[in-house]
Amino acid sequence: MAIRAIRSAAAAAFLTATSALVAGAAAAQTSFPQKPVKIILPFSPGGASDVLARQIAEDLRKTWKQPVIVENRTGASGILAADAVAKADPDGYTALLTVTALVQTPSLYEKPSYDPIKDFAPVSQVGTMPLAFVVSAASPIKTLGEFIAAARAKPNDVSYGSFGIGSAGHLYLELLQDAAKIRLIHVPYKGETPTLQDLIGGQISGAIVSVPGAKPMADAGKIRALAVTGESRTAQLPEVPSFAEAGYSGVGLESIGWYGLLLPAKTPPEVVDKFSRDLNAVLKQPDFRQRMQTYGIKLTGTTPAEFSEIIKSDYARWTKVIRDNNIKAN
């Protein structure tokens, strides 16, 4: 009888504990958030990234009935923002809205301050944005093939600009050089504006910039776009072929840069899942999708697991490119 009583008591205790865990998970899932949520953004106010972040914050505020605050924390190629979120409490109240640089930047340093795989809980990919390879409108070059022919004719003489060492543009052009068997002179700039200014002024032969950065100059007849990253053409520059269409498929140029939202590692899965579901509902809104399309951003949305696979794949891809080409931050 005593043994039976002990077993009954143990079973009851187990059921009570299990019920408490289930109830706790359900409560966390339904009650989050209970206070303001902060989204840290590694970009300055006013640009497309800031517009994206503030629209997400406003729509989540309406959903959650809680303030959602955007904090612009610039510096060190996004490291300051990423590091702040990686070290934040894993409770769902501090999020990072960032770009592909999250998985590119660490490999540029011997001792990176964060690990893009281990230090974050992916919530969802938010959107994608291609880059465009451009030349000055005054250049006689009309196609990517002509640019590559010119580079082959004069090795280490043809130059291109990007928005910094180890930037997405820099890495894409390393892939192109390997695939086309050409060597270009890389000229890094601090941003797209000086890159485009020098391109138009004739100081560099080509440049790789964001599609939103290229479109106004292309529409004004100041530059000519030769190719865009991604698997297909972009709605902003429909007449411009993708690198794959121009003959360079299967070499990594069909990959595309992304925006994504992440929480600190060890954030409870039920909080990550709720954040992801509510965020994806926001990303499906037609008005929001149309608004961001004008900035060259295609809103997507994924599950946490899907975004995790994207991060792992891109981290492996860009780490190899950086190490194979011995690219290091200044």
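Colleague: Where in the chain does Lys181 lie?
Modeller: Keep in mind that we're looking at a predicted model. Lys181 has a phi near 60°, and that is a positive value in a residue other than glycine. As for its place, Lys181 lies in the loop between helix 6 and strand 7.

Colleague: Which residue does a cis peptide bond join to Phe32?
Modeller: Omega is about 0° for that bond. The partner of Phe32 is found in the loop between helix 1 (2-31) and strand 1. So much for where to look; the residue itself is Pro33.

Colleague: Now the sheets. Which strands stand at the edges of the open sheet of five strands?
Modeller: Start with the order, 7-6-8-5-9, where the pairing is mixed. The two end strands, residues 185-188 and 223-228, each have a single partner strand, so one side of each has no neighbour in the sheet. Those edges are strand 7 and strand 9.

Colleague: What does the twist of that five-stranded sheet average?
Modeller: Take the five strands in their order, 7-6-8-5-9. Going from one strand to the next, the twist averages 30°.

Colleague: Which residue in strand 9 stands opposite Val135?
Modeller: Strand 5 (residues 131-136) pairs with strand 9 in the antiparallel sense, over five bridges. Val135 has its opposite number in strand 9, and that residue is Arg224.

Colleague: And what angle does helix 8 make with strand 8?
Modeller: Helix 8 (residues 211-219) packs on the sheet and touches strand 5, strand 8 (206-210) and strand 9. Compare its direction with that of strand 8, and you get about 120°.

Colleague: On to the six strands that form an open sheet. Which of them stand at the edges?
Modeller: The order here is 2-1-3-10-4-11, again with mixed pairing. The strands at 68-72 and 298-299 each have a single partner, so one side of each is left without a neighbour in the sheet. In other words, the edges are strand 2 and strand 11.

Colleague: What is the bridge partner of Gly127 in strand 11?
Modeller: Strand 4 (residues 120-129) and strand 11 run antiparallel, joined by two bridges. Gly127 has its bridge partner in strand 11, namely Leu299.

Colleague: At what angle does helix 3 run to strand 3?
Modeller: Helix 3 (residues 79-86) lies across strand 1 (37-41), strand 3, strand 4 and strand 10. Relative to strand 3, helix 3 runs at about 150°.

Colleague: Are helix 2 and helix 10 roughly parallel or antiparallel?
Modeller: The axes of helix 2 (residues 48-64) and helix 10 (residues 286-293) come within 11 Å and cross at roughly 170°. Angles over 145 degrees get one particular label, so this pair counts as roughly antiparallel.

Colleague: Which residues of helix 10 does helix 2 meet?
Modeller: From helix 2 come Ala48, Val51, Leu52, Gln55, Ile56 and Asp59. By class, the contact has six nonpolar, one polar and two charged residues. On the helix 10 side, the residues are Phe288, Arg291 and Met292.

Colleague: How are helix 6 and helix 11 set to each other?
Modeller: Their axes come within 10 Å and cross at roughly 70°. Since 65 to 115 degrees is the range that matters here, the two helices are roughly perpendicular.

Colleague: Which residues of helix 11 make that contact with helix 6?
Modeller: Helix 6 brings Leu171, Tyr172, Glu174 and Leu175. The contact has six nonpolar, no polar and one charged residues. Helix 11 answers with Trp318, Val321 and Ile322.

Colleague: Which helix gives the most to the lining of the largest cavity?
Modeller: That cavity has a volume of about 40 Å³, and its lining includes Thr100, Tyr172, Asp314, Arg317 and Trp318. Helix 6 (168-180) and helix 11 (304-324) each supply at least two lining residues. With three residues, the one that gives the most is helix 11.

Colleague: Last one: how much space lies in the largest pocket?
Modeller: The pocket lining has 24 nonpolar, 18 polar and two charged residues. Helix 2, strand 3 (94-99), helix 4 (101-104), helix 6 and strand 10 (257-264) each supply at least two of them. The space comes to about 1,300 Å³.

Notes. Residues are numbered from 1 along each chain as its sequence is written. This is a predicted model: local features need pLDDT of at least 70, side-chain atom pairs count only at pLDDT 80 or more; totals for chains, interfaces and linings use all residues. Side-chain values use heavy atoms; hydrogens and water are left out. Two strands pair if DSSP finds at least two bridges between them. Helices (H or I, at least four residues) and strands (E, at least two) are DSSP runs, numbered from the N terminus. Axes are lines fitted to C-alpha atoms, for helices over the stretch in contact, and angles run from 0 to 180 degrees between N-to-C directions. Contact means heavy atoms within 4.5 Å. On a 1 Å grid over the protein atoms alone, a cavity is a set of points where a 1.4 Å probe fits but cannot get out, and a pocket is an open set with protein on both sides within 12 Å along at least five of seven lines; lining residues have an atom within 4 Å of a point. Grid points are joined across faces, edges and corners, and a volume is the space filled by probe spheres set on the points. Angles under 35 degrees count as roughly parallel, over 145 as roughly antiparallel, 65 to 115 as roughly perpendicular and the rest as oblique. Ala, Val, Leu, Ile, Met, Phe, Trp, Tyr, Cys and Pro count as nonpolar, Asp, Glu, Lys and Arg as charged, and the others, Gly among them, as polar.
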